[in-house]
Amino acid sequence: MDMMVSTLQQQRAVTEQLRREAAIRRVPVSVAVADIVRYINEHDQEDCLLVGFSSQKVNPFREKSSCTVL
């Protein structure tokens, strides 16, 4: 009998969780994509992959200077 009560409690918890998730306001994919495109267009001048680095010193991907053995 305890097992049935436990199972019933678990099912109620799952049902409540599903109800909470169903109540969340969803954004259509087309709206989300439009927001992403707008953000990219507004920030394209700050994107180092698009415009490059102002100098090689700020480039974290530059080749490090080689070491010489003395």
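# Exercises: salt bridges and a nonpolar patch

Glu42 is exposed, at a relative accessible area of 53%. The model behind these exercises is predicted.

**Exercise 1. Find the salt-bridge partner of Glu42 and place the pair in the fold.**

Step 1. Look for the bridge. Glu42 pairs with Arg38, and their closest N and O atoms are 3.9 Å apart. The cut-off is 4 Å, so this pair counts.

Step 2. Place both residues. Glu42 and Arg38 sit in helix H2, 4 residues apart, about one turn of the helix.

Step 3. Check the cover. Arg38 is partly exposed, at 46% relative accessibility. Glu42 is exposed because its 53% is over 50%.

**Exercise 2. Which residues does the network of shared salt bridges join?**

Step 1. Start again from Arg38. Asp35 also forms a salt bridge with Arg38, with 3.2 Å between the closest N and O atoms.

Step 2. Check the spacing. Asp35 and Arg38 are 3 residues apart in helix H2 (residues 29-42), about one turn of the helix.

Step 3. Add the accessibility. Asp35 has 34% relative accessibility and counts as partly exposed.

Step 4. Bring in the other bridge, Glu42 with Arg38. Shared partners link Asp35, Arg38 and Glu42 into one network.

**Exercise 3. Describe the salt bridge of Arg19, then give the total count.**

Step 1. Name the partner. Arg19 bridges to Glu16, the closest N and O atoms lying 3.1 Å apart.

Step 2. Locate the pair. Both Arg19 and Glu16 belong to helix H1 (residues 2-22). They are 3 residues apart, about one turn of the helix.

Step 3. Classify each residue. Arg19 is exposed because its relative accessibility is 54%, over the 50% limit. Glu16 is partly exposed, with a relative accessible area of 38%.

Step 4. Give the total. The model has 3 salt bridges.

**Exercise 4. Which residues make the nonpolar surface patch, and is Val33 buried or exposed, or in between?**

Step 1. List the members. Val29, Val33 and Val37 make the patch.

Step 2. State the area. The patch covers about 260 Å².

Step 3. Place Val33. This residue lies in helix H2.

Step 4. Classify Val33. Its relative accessible area is 45%. Partly exposed runs between 20% and 50%, so Val33 is partly exposed.

Step 5. Test Val33 against the patch rule. Patch residues need over 30% relative accessible area, and Val33 has 45%, so Val33 passes that cut-off.

Methods
Residues numbered from 1 in each chain as written. Predicted model: local features only at pLDDT ≥ 70, side-chain atom pairs only at ≥ 80, totals over all residues. Heavy atoms only, no water. Salt bridge = Lys/Arg side-chain N within 4 Å of Asp/Glu carboxyl O. Helix = DSSP H or I, 4+ residues; strand = E, 2+ residues; numbered from the N terminus. Buried < 20%, exposed > 50% of the residue type's maximum accessible area, 1.4 Å probe, protein only. Patch = residues over 30% accessible without salt bridge, like charges linked within 9 Å, V, L, I, M, F, W, Y side chains within 5 Å. Areas by Shrake-Rupley, 256 points an atom, 1.4 Å probe, with all protein chains shown as cover.
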